[in-house]
Amino acid sequence: MIEYFNIPSGALINTPISKKLFAEKAPLSSGEKRLLREEIEKLTMKGLLQTRTIGLAAYMDDEQAYDQIIIAEVSIKNPAKAMPVATMVQKAFPAPMFLVIHCDESFSVNWCVKRINQADKTRRVMEEQQITRFFEPEGDDSIICAWLPSLDITRIRCNSLKELFDQLSAKLLLLKVADEAGCFTGLNVSEPDLVYYRSVLGELKANRAEQQDIKKQLREETQFNRIVKLNSKLRELQDQEQKRKEQLI
C-alpha cells in the first residue's frame, strides 16, 4: 500500500519501532498498554517528508507546525481496533502523520489535524480524526482502483508541507465521497468543493443516526398510530439520504 504514495526516494525510510521503545517514549494508559501488547504486531516509519527530503517549505504559525510529515504503517490483529490504535499512535507523535493501518490483506489510512497546545508548545492537541474504510489494493473494487493513483505525492502541486498535508488529506476524504456517490471522479477538487463535500457527509451521518434512533423506537413501540408515524418519518429520512448521495455525483 505504501508504494501508492510514491514517496520520493530521499524521504523513504524503513525504521521499525519496537513495542518496548514505543512504551518507553509514549505516555500510555493501562488500556493503551494492553492495546499495544495485544493488538499491534508491528509499527514502522516509512516516510519522513521534510524540506531537505522533498524540497517543500515548512509552515509554522502560533497554532500549527508543519516542519515535517510522517508516513507510518502499523500492522494490527483486529480491524475493529483500528481507531483506538490510530489514536494511540497519533498521540505519540507531535508531527502531522498519515498512518497506514494493515490487517491481513486489507488497509486503511488514518489522519488528523494537530494544533499546538497553547499551554505547552511542545505538545499537540488532536482535532477530529479521519479514517478510510478498509480496502484491498490488489482487489477488483473499481472505486479503489480509480482512487489509489490519486495518492501519488509526486503529482500533488504545492509549495509547502502544510499544503501537501491538506491536499493529501482531501484525496483521502474523497474515498468517502466516492463510496457514497458510487464512483470516483474527483482527481482535482477546490476548497469550496471540499467544504461542500464535508457538509453533505455530515448531513448523511446525522441522517443515518436519526434513522437508527427511529428503528430502535420501532422495535420497542406497541401503539399502532405511533408505529405508522415513525415509519413515515423513517421513509422521509431514507428519501433525504438518497437525495444527499445524489448531490455528491
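## The second largest pocket

Let's start with what surrounds the second largest pocket: its lining residues split into eight nonpolar, three polar and five charged. Keep in mind that this is a predicted model. The pocket itself holds about 310 Å³ of space.

Who sits around it? There are 16 lining residues, and the ones nearest the centre are Pro 27, Lys 91, Ala 92, Arg 123 and Arg 124. Two elements, α4 (82-92) and β8, each give two or more residues to this lining. Of the elements, α4 gives the most here, with four residues.

## The largest pocket

Now for the largest pocket, with a volume of about 940 Å³. It is lined by 30 residues, and if you look for the ones closest to its centre, you'll find Trp 111, Gln 130, Leu 173, Arg 198 and Leu 201.

What is the make-up of this lining in nonpolar, polar and charged residues? The split is 12 nonpolar, six polar and 12 charged.

## Which elements build the largest pocket

To trace the walls in the 3D view, pick out two strands and two helices: β7 (106-116), β8 (124-131), α6 (161-181) and α7 (191-220) each bring at least two residues to the lining of the largest pocket. Which element gives the most to that lining? That's α6, with 10 residues.

One strand is worth a second look. β8 supplies at least two residues to the lining of the largest pocket, and β8 also gives two or more to the lining of the second largest pocket.

Technical notes. Residues numbered from 1 in each chain as written. Predicted model: local features only at pLDDT ≥ 70, side-chain atom pairs only at ≥ 80, totals over all residues. Heavy atoms only, no water. 1 Å grid on protein atoms, 1.4 Å probe; cavity = no way out; pocket = protein on both sides within 12 Å on 5 of 7 lines; lining within 4 Å. Points joined across faces, edges and corners; volume = space filled by probe spheres on them. Nonpolar A, V, L, I, M, F, W, Y, C, P; charged D, E, K, R; others polar.
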